[in-house]
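This briefing is meant to be read with the sequence and the three-dimensional view side by side. It moves through selected helices and then a sheet, with notes on individual residues along the way.

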Amino acid sequence: MSTARSASSLQLARETRERFVSATEGAIVPLARAIRDRLTTMASEAGTARSMQENRDDFVAFQGQATQWVTLSQTGWRKALAASGGASSMPSALRLELIGDEVVESNILSSRLAQLIHDKASFELSDLRLRIQHLEGTTELDAKDVLKPETLAKLLVEQWLAVGLSRGLWTRVQDTVQQGLVDVIVKAYESANAYLIANGVMQEIDLKSFVRRTGNAGGGAGGSGASGAGGGSGAAPVDSGVSGGPQNNMQRAGFGYDGQQQQSTPTAPATTSTMSSSPLMIARQRAQTALLSLKRFVTARIGGEAGGGAGAFQTASTDGRATSPGSQSGQGGGGGAPRAFSRTFAGAIAEAEAAYRMAATQYMEGAGEQATLMQQTAVDLRRRSAELKKRAPTTADKATVEIVALMFQAILAEERIPFSARVWFARLQMPVLRVAIAEPEFFGTLQHPARMLIDRMGSCVMGFDAAAITGSALEGEIRRVVQVIEQYPETGQRVFKLVFDEFVAFLNRYLTQSDTTQRVMSVAQQVEQKETMAIQYTIELRKMLNDMPVRDEIREFLFKIWAEVLAIAALRYGAQGEQTVMLKRVASELVWAASAKPNRTDRARVIQDLPQLLQRLRQGMALLGIVDEPQEAQIKIIGATLSDAFLSKTEAIPQAKIEAMAERLAHLEDFVSDVGGTADLPLDAQSIELLLGVDAASIEVIPDTAGTKVPEDMIAWANELQVGNWFMLDHNDRVSQVQFVWRSDRKQLHLFASGDGRSFLIQAGRLATYLQAGLLVPAEEETLTVRATREALAKLDANPERLLN
């Protein structure tokens with residue numbers, strides 16, 4: 001019976017993978033079409049001669065290899081399915097070997113895509129992994145399992161390079177790849193879970209029962225790490241497990257951690273190559289150093305004890321997967337039995353939490369000095385932690401209590417956090433302790449939701465003084481977040497993830513609520529929207545005139561001036577507003593007027609309509625700020641062309657084509673497609689006032705520098721800055737502490753606000769160069785939890801006996 005049941009379970013797991021591959025395989029062909037459309041759009045855009053040639057070369061290269069890439073990707077994906085399933089492979093011994101730069105660069109490309117999938121499908125992927133492991137009786141999915149985002153991402157990149165397409169081209173279309181693939185994969189995970197639930201597989205998941213204590217495991221199976229939600233390779237993205245908290249990783253190469261810990265921590269060979277080409281990766285590696293040091297410390301002291309193995313203290317490796325200190329072969333018991341969370345010990349934590357909650361209320365209402373009250377808070381928590389440590393059933397639990405207590409001691413000692421906020425932070429110690437015991441990956445990844453939440457709240461409040469925080473909506477939100485976590489103690493990292501997302505949404509509202517910021521945002525968004533629409537309209541006008549014999553002078557005017565006019569009009573009056581519709585009609589009227597007029601009727605019509613046409617052309621150019629002499633110069637050029645047309649010196653255009661153009665222009669918004677990438681926004685205070693008719697005096701505008709080549713890793717760094725973080729901005733020899741408060745929808749414009757009411761609107765390319773040059777640096781070199789981890793390690797290094805005593 002058991003054999004039959006096992007065969008049935010394995011078959012169900014196999015069918016789930018087949019359904020998943022079928023669902024995701026179907027996205028490859030539409031993805032290729034989307035890439036082709038994107039490259040077609042780029043090839044038709046105006047720009048420098050070099051950029052236009054590069055865009056055309058990209059289009060030709062992909063056009064020639066797209067079919068082969070699709071075929072190889074689909075074939076490879078099916079082969080990956082055939083190789084998936086069954087028991088996880090045994091963990092291989094650590095091999096130190098050199099990895100070529102090209103391999104590293106390819107891994108970076110695939111890891112970005114895999115990381116995004118992880119971020120979007122964290123819980124669905126975690127649940128699916130648990131269900132598959134349950135069916136197959138394994139502790140982790142195989143490294144090349146088709147259900148892991150890394151597998152498909154790596155396959156697509158490898159086949160892309162195999163057919164001769166370049167890494168640079170992949171980088172230029174990776175946004176399109178992500179848009180076309182991520183949603184499909186997320187839905188495939190959801191469908192796979194629904195399929196297994198419908199077949200009676202783990203309809204309800206108890207996460208804690210699937211967290212493994214690897215220290216007890218015998219052989220290789222025990223070294224696979226935690227299998228719970230967020231554990232192992234599923235919840236931590238491949239990029240060092242940091243995507244949820246880039247605010248802690250924005251240190252430039254000169255920032256970082258003390259050399260002693262870095263020297264004592266081995267790093268994977270791939271990391272060195274990656275670090276040489278990416279400051280962001282350097283920062284991430286340095287942030288990971290503290291966690292690696294923690295693992296080494298605990299492993300050295302409790303790693304060999306049965307029932308309390310150091311495997312509980314996992315650490316994310318350089319590819320983002322949670323790792324354990326070793327398989328602990330030869331140790332007794334268990335063979336990978338689920339890690340027990342003693343009910344008695346859980347009750348003790350709950351009692352300590354309730355008692356401190358009551359004490360914290362008294363501290364908040366106390367009339368004494370804040371420093372004294374904070375000291376009382378720290379002493380109270382230390383005493384309760386010592387009592388919990390005595391009641392801890394295993395050495396791993398004792399170590400967990402001690403490390404969490406030391407971390408929160410460091411957090412409570414952080415004087416840059418206002419007193420009222422620190423008391424609320426202190427109330428998170430027991431909930432975090434509970435999560436750290438049930439989900440040991442808390443110690444191994446910077447992306448654990450509990451860490452992310454504490455880091456994000458800390459990064460926000462450390463830039464404000466006590467007066468600005470006390471009684472504010474920000475303090476109220478921190479209070480609400482803590483109370484929600486306390487209210488749902490059994491939901492683990494899920495509740496932390498929930499409130500983290502809610503806190504981020506709150507920040508986006510809170511930091512942009514002032515009238516000044518709202519006005520700056522409105523202006524910035526309009527500038528970006530106007531430029532995007534101008535690009536879209538230019539593309540469509542080029543398509544319309546592609547097969548029409550229109551003079552270059554008229555083409556130039558329509559592409560470079562009238563497309564901008566239509567964008568401004570659509571922004572001010574609406575796409576179908578009366579003024580906008582009239583200006584759209586002017587474009588087709590101009591094309592007709594500029595075509596040959598061989599018969600008397602057409603010439604009479606031109607003479608009759610010309611004054612009104614010229615008036616509307618002037619009206620449109622005035623919207624764009626083209627007046628006086630520049631306007632007259634344009635009218636003169638157009639007039640000369642119209643004179644040639646009157647004398648039939650230009651080519652004739654069939655009336656049917658003119659009418660088709662007019663019809664298409666009338667409904668232009670139905671035809672335009674979204675355009676990505678960077679655009680040369682006319683970003684300066686004068687152009688903002690000129691284009692949009694608003695006063696931009698309160699905005700310090702920092703536009704892109706023409707002709708400056710910005711490294712892609714710097715752009716990636718700029719895109720990962722998180723709203724709410726504080727920075728030191730050195731602009732025009734004046735250093736200001738600023739908070740990042742807003743990013744535009746297309747990530748082209750970034751708004752920073754200083755405490756004295758000034759606003760800095762920085763374009764994406766310039767922001768990247770400021771990061772690279774050290775003119776914009778994080779106010780904090782480390783996140784709160786990373787710094788707390790390092791301070792805890794310093795105390796443990798000085799007094800190792802305190803870990804278990």
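**Briefing on selected helices and a sheet**

Thr538 belongs to helix H21, which covers residues 515-545. The model is a predicted one, and every value below was computed from it. The points that follow begin with this residue, continue with further helices, and end with a sheet of six strands in the order E3-E7-E6-E5-E4-E8.

**Thr538 and helix H14**

- Thr538 has a relative accessibility of 13%, and it counts as buried because that value falls under the 20% cut-off.
- When neighbours within four places in sequence are left aside, Thr538 is in contact with Phe559 and Ala563.
- Helix H14 (residues 395-412) has 18 residues, which at 1.5 Å a residue should span 26 Å, and this agrees with the 26 Å that separate its end C-alpha atoms.
- H14 is also mostly covered, since 16 of its 18 residues are buried.

**The pair H24 and H25**

- Helix H24 (residues 600-623) packs with H25 at an angle of about 160°, and their axes lie 11 Å apart.
- The two helices are therefore roughly antiparallel, as the angle is over 145 degrees.
- The crossing of H24 and H25 is right-handed, and on the H24 side the residues that make the contact include Ile607, Leu610, Leu614 and Leu617, while those of H25 include Ile635, Ile638, Leu642 and Phe646.
- Charged and polar names also appear in this contact, among them Arg603 and Arg618 of H24 and Gln631, Glu632 and Gln634 of H25.
- Asp628 is found in H25 (residues 628-646), and it has a positive phi of about 55° although it is not a glycine.
- With a relative accessible area of 60%, Asp628 is exposed, because the value is over 50%.

**Layout of the sheet**

- The sheet is open, and its six strands show mixed pairing.
- Strand E3 (699-702) and strand E8 (776-778) stand at the edges with a single partner strand each, so one side of each has no neighbour in the sheet.
- Neighbouring strands are turned against each other by 35° on average, with direction ignored.
- Helix H29 (residues 764-773) packs on the sheet, where it touches E3, E4, E6, E7 and E8, and its direction makes about 100° with that of E7.

**Strands E4 and E5, and the loop between them**

- Strand E4 (residues 726-731) and strand E5 (residues 734-743) run antiparallel and are joined by six bridges, with Val738 in E5 as the bridge partner of Phe727.
- Asn732 lies in the loop between E4 and E5, and it has a positive phi of about 55° without being a glycine.
- Asn732 is exposed, because its relative accessible area of 59% is over 50%.

**Strand E6 and its two partners**

- E6 is mostly covered, with six of its six residues buried; Leu749, Leu751 and Ala753 point one way from the strand, whereas His750, Phe752 and Ser754 point the other way.
- E5 and E6 pair in the antiparallel sense over five bridges, and Trp742 stands opposite Leu751 in E6.
- The hairpin formed by E5 and E6 has five residues between the strands, and Lys747 in the turn has a positive phi of about 60°.
- E6 and E7 likewise pair in the antiparallel sense over five bridges, and Leu749 stands opposite Gln763 in E7.
- The hairpin formed by E6 and E7 has four residues between the strands, and Gly757 in the turn has a positive phi of about 95°.

Methods
Residues numbered from 1 in each chain as written. Predicted model: local features only at pLDDT ≥ 70, side-chain atom pairs only at ≥ 80, totals over all residues. Heavy atoms only, no water. Buried < 20%, exposed > 50% of the residue type's maximum accessible area, 1.4 Å probe, protein only. Contact = heavy atoms within 4.5 Å. Expected span 1.5 Å × (residues − 1). Pairing = 2+ DSSP bridges. Axes fitted to C-alpha atoms, helices over the stretch in contact; angles between N-to-C directions. Parallel < 35°, antiparallel > 145°, perpendicular 65-115°, else oblique. Left-handed = near helix turned anticlockwise from the far one by under 90°.
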